[in-house]
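Let's take a walk through this protein together, a few residues at a time. Keep the picture handy as you read.

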Amino acid sequence: MARTAGSARHARDAEFTEYVASRAGWLRKVAYLLCSDWHRADDLVQESITKLYANWSRVGRVENRDGYARTVLVNTYLAEQRSPWWRRIRTVGSGLDTGAVVPDLDASLDLRQALASLPPRQRAAVVLRYYGDLTVEQTAEVLGCSAGNVKSQTSRGLAALRRRVVPARAGRAEA
């Protein structure tokens, strides 16, 4: 009997390892878009993966594992934002940690700076809607709020992004 339980656990661990290996890059990108720091993104992903492992038997019964993993990641990020510990250790600096070179680096940096300046829930709503390509209802489910709240947070977030990015791009074009 002990051998059967060990085999089941080994199969469960192998399934979890395969899932994490295939989705870690995607989770890291989502985490970076939420927090604008590659090191912190790695920490968020690690904490989320730990939570996934602890609940992997439940995750195995879920139809959309990616959605479950994304929800865990977003909730981990939002919980960290509410934590007094995070407010104490927040560092002030350039705030941007670039990953890879993109065709229009200036535009990418402008957008990342503007995204980083949004309040956490607005940032989460914008990232989930436009990077994660979720519907309003799916985003509301992930954030644990109403569809109207998602629409409001997204609208405010996009308006703030437009206010910050468009003048930065115009000023650079004049130079």
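Serine 36 sits in the loop between helix H1 (2-35) and H2. This is a predicted model, so every value below is computed from it. Serine 36 counts as buried because its relative accessibility is 4%. Its phi is near 65°, which is a positive value in a residue other than glycine. For background, most residues other than glycine have a negative phi. Another residue of this kind is aspartate 133, with phi near 55°. You'll find aspartate 133 in the loop between H7 and helix H8 (136-143). With 66% relative accessibility, aspartate 133 counts as exposed.

**Into helix H2**

What happens at the start of H2? A side-chain oxygen of aspartate 37 comes to within 2.8 Å of the backbone nitrogen of histidine 39. From there, H2 covers residues 38-54, which makes 17 residues. From first C-alpha to last, H2 reaches 24 Å, close to the 24 Å expected at 1.5 Å a residue.

Which residues of H2 are buried? They are Trp38, Arg40, Ala41, Leu44, Val45, Ser48, Ile49 and Leu52. If you're wondering about the spacing in that list, here is a handy bit of background: an α-helix has 3.6 residues a turn, so residues three or four places apart point the same way.

**Charged pairs**

Side chains of opposite charge can pair when their charged atoms come close. How many salt bridges are there in this model? The count comes to six. Three of them, including their N to O distances, are set out here:

| Positive residue | Negative residue | N to O distance |
|---|---|---|
| arginine 65 | glutamate 15 | 2.8 Å |
| arginine 23 | aspartate 66 | 3.1 Å |
| arginine 40 | glutamate 80 | 2.6 Å |

Start with the salt bridge between arginine 65 and glutamate 15. Arginine 65 is in helix H4 and glutamate 15 is in helix H1, so this pair ties together parts that are 50 residues apart in sequence. Arginine 65 counts as partly exposed at 22% relative accessibility, and glutamate 15 counts as partly exposed at 34%.

Next comes the salt bridge between aspartate 66 and arginine 23. This pair links distant parts of the chain, with aspartate 66 in helix H4 and arginine 23 in helix H1, 43 residues apart. Aspartate 66 is partly exposed, with a relative accessible area of 24%. Arginine 23 is partly exposed too, with a relative accessible area of 24%.

Then there's the salt bridge between glutamate 80 and arginine 40. Here the link runs between helix H4, home of glutamate 80, and helix H2, home of arginine 40, and the two are 40 residues apart. Are these two residues buried or exposed? Both glutamate 80 and arginine 40 are buried.

**An arginine without a partner**

Now look at arginine 70, in helix H4 (residues 65-82). Arginine 70 is buried yet has no salt bridge. Why not? A salt bridge needs the nitrogen and the carboxyl oxygen to be within 4 Å, and the nearest side chain of opposite charge, aspartate 66, is 6.5 Å away. What does arginine 70 touch, leaving out residues up to four places away in sequence? The answer is Trp26, Leu128, Leu134 and Val142.

**Two residues of helix H7**

One of those contacts, leucine 128, belongs to helix H7 (residues 120-131). Leucine 128 is buried, with a relative accessible area of 0%. Setting aside neighbours within four places in sequence, leucine 128 is in contact with Arg70, Val74, Asp133, Leu134, Thr139, Val142 and Leu143. Its C-alpha lies 9.3 Å from that of leucine 34, although the two are 94 residues apart along the chain.

Proline 120 is in helix H7 as well. Proline 120 is partly exposed, with a relative accessible area of 25%. Beyond residues up to four places away in sequence, proline 120 touches Tyr77, Leu78 and Gln81. The C-alpha atoms of proline 120 and glycine 157 are 10.0 Å apart, with their positions 37 residues apart along the chain.

**What about the cysteines?**

A disulfide is a covalent bond between the sulfur atoms of two cysteines. In this model the count of disulfides is zero. Cysteine 35 counts as buried at 8% relative accessibility, while cysteine 145 counts as partly exposed at 22%.

Conventions: Residues numbered from 1 in each chain as written. Predicted model: local features only at pLDDT ≥ 70, side-chain atom pairs only at ≥ 80, totals over all residues. Heavy atoms only, no water. Helix = DSSP H or I, 4+ residues; strand = E, 2+ residues; numbered from the N terminus. Buried < 20%, exposed > 50% of the residue type's maximum accessible area, 1.4 Å probe, protein only. Lys, Arg positive; Asp, Glu negative; His and termini not counted. Contact = heavy atoms within 4.5 Å. Expected span 1.5 Å × (residues − 1). Polar contact = N/O pair within 3.5 Å; in protein donor to acceptor, adjacent residues only side chain to side chain. Disulfide = S-S within 2.5 Å.
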